[in-house]
Amino acid sequence: MELRHIRTFETVARTLSVTQAARELHYAQSSVSDQVQSLERELGVELLDRTQRRIRLTPQGMVLSEYADRILKLLDEARWAVARPGTEVAVGALETVCLHLLPGVLSRYRSQYPEARVRVVQDNRGELYKAVRRGDLDVCVTFGDPPPDPALRAETLAEEPLVVIAPRDHPLAARGRARLAELAAEPFLATGQGCGFREMYDDAFRGPVPKEPVAEVSSIGTLGACVAAGMGCALLPALAVRAQAERGEVAVVEVDDVDLHTTVTMTWLDRSSTNPNLLGLQTVLRKQSGG
């Protein structure tokens with residue numbers, strides 16, 4: 001059996017779609033179909049039930065799907081073990097996590113594992129999950145849950161409250177508290193569509209008529225600076241605004257009538273769980289996050 005045929009079959013079995021498999025593998029659909037059929041001829045069995053409108057696995061296809069997944073995981077592990085130095089751990093995180101959580105984690109980690117080399121990558125959630133899936137990162141730390149993927153493992157490190165920041169001279173600043181309906185009448189700034197922080201904002205103000213922000217800002221640092229300058233309010237995890245609030249640049253307004261929170265989550269590839277450096281970093285992450 002050719003390895004590329006196994007990889008193609010695994011992708012079809014996982015997506016149950018020749019079209020989606022072709023898109024993921026950058027093949028023509030005809031090439032995907034030819035490779036699966038070649039595998040069927042070699043094994044002398046049908047792997048896909050093509051009698052229905054949607055592709056389904058035959059019993060033999062289900063068996064091979066499990067083996068294909070194990071074969072590819074083992075191949076990835078072998079490639080990773082050979083290509084990656086045994087003393088390196090690669091961690092990815094969102095901008096906010098890189099600024100406010102990782103420095104303490106990495107300092108503590110380096111004091112316990114001085115021989116380990118650390119590589120840090122800052123990116124958005126989607127790119128971080130892709131990098132973990134490819135094996136380019138050992139672990140990533142984000143807000144919220146990762147997308148469903150049997151190759152990934154995830155663990156919640158902590159629950160993080162969401163708070164509103166407002167300009168220091170805002171009428172609500174002295175009170176420090178407000179109801180969501182009051183806040184809905186205020187101008188808000190938010191990150192762009194597709195960002196996890198924007199999802200938090202949209203979920204909080206979900207209603208018949210979406211609350212559109214008065215401005216979209218890609219950087220959390222710039223977002224906080226715009227709030228400090230008086231442009232409006234913003235809804236963010238407490239971790240992201242703590243330092244700015246302690247410096248007196250913005251006021252924190254807690255929401256009284258709605259429990260708004262997210263989670264700090266670490267995600268890693270299942271096959272890299274035996275990396276001793278990763279295990280050490282995960283232990284420090286749990287302790288630093290209170291887990």
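## A charge over a ring

Let's start with one spot: Lys 211 sits over the face of Phe 205, 5.9 Å from the ring centre. A charge counts as over a ring if NZ of Lys or CZ of Arg is within 6 Å of the ring centre and within 35 degrees of the ring normal. Phe 205 also has aromatic company, as Phe 188, Tyr 201 and Phe 205 make up one aromatic cluster.

The count of aromatic pairs comes to 5. Here rings of Phe, Tyr and Trp (its six-membered ring) pair if their centres lie within 6.5 Å, with planes under 30 degrees apart called stacked, over 60 edge-to-face and the rest tilted. In general, a pair of aromatic rings is described by the distance of the centres and the angle of the planes.

## What you are looking at

This is a predicted model, where local features need pLDDT of at least 70 and side-chain atom pairs count only at pLDDT 80 or more, while totals for chains, interfaces and linings use all residues. Residues are numbered from 1 along each chain as its sequence is written, and side-chain values use heavy atoms, with hydrogens and water left out.

## The chain as a whole

The chain has 12 helices and 12 strands. Both are DSSP runs numbered from the N terminus (helices are H or I with at least four residues, strands are E with at least two). Along its principal axes, the C-alpha trace spans about 75 × 55 × 25 Å. Of the 291 residues, 47% are buried. Buried means under 20% relative accessible area, exposed means over 50%, and partly exposed is in between (1.4 Å probe, protein chains only).

About 14,900 Å² of the chain is exposed, and carbon and sulfur atoms supply 51% of that area. Accessible areas come from the Shrake-Rupley method with a 1.4 Å probe, and for residues only the protein chains shown count as cover. Now for contacts, meaning heavy atoms within 4.5 Å: among those with a separation of 6 or more, 71% join residues 24 or more positions apart. As for charge, the mean positions of the 34 positive and 39 negative charges are 3 Å apart. Lys and Arg count as positive and Asp and Glu as negative, leaving out His and the chain ends; each charge is placed at NZ of Lys, CZ of Arg, CG of Asp or CD of Glu.

## Two buried threonines

Thr 267 belongs to strand E12, residues 261–269. Thr 267 counts as buried because its relative accessibility is 0%. Setting aside residues up to four places away in sequence, Thr 267 touches Tyr 129, Val 132, Asp 138, Val 139, Cys 140, Pro 146, Leu 152, Arg 153 and Ala 154.

Thr 191, on the other hand, is in the loop between strand E8 (189–190) and helix H9 (196–204). With a relative accessible area of 3%, Thr 191 is buried. Its contacts beyond four places in sequence include Phe 197 and Arg 198, along with Glu 216, Val 217, Ser 218 and Ile 220.

## Around the first helices

Leu 16 is in the loop between helix H1 (3–15) and helix H2 (18–25), and is partly exposed at 27% relative accessible area. Its phi is near 50°, a positive value in a residue other than glycine. For background, most residues other than glycine have a negative phi. His 26 also has a positive phi, near 60°. You'll find His 26 in the loop between H2 and helix H3 (29–43), where His 26 counts as exposed at 72% relative accessibility.

Glu 24 lies in helix H2 and is partly exposed, at 36%. What does Glu 24 touch, not counting residues up to four places away in sequence? Glu 24 touches Thr 11, Arg 14 and Thr 15. The C-alpha atoms of Glu 24 and Thr 11 are 8.0 Å apart, with their positions 13 residues apart along the chain.

## Two more helix residues

Gly 104 is part of helix H6, residues 102–112. With 31% relative accessible area, Gly 104 is partly exposed. Gly 104 and Leu 285 are 181 residues apart along the chain, yet their C-alpha atoms are separated by 9.4 Å.

Ala 131 sits in helix H7, residues 125–134. Ala 131 is buried, with a relative accessible area of 8%. Leaving out neighbours within four places in sequence, Ala 131 is in contact with Asp 136 and Leu 137. Ala 131 and Val 91 are 40 residues apart in sequence and 10.0 Å apart in space, C-alpha to C-alpha.
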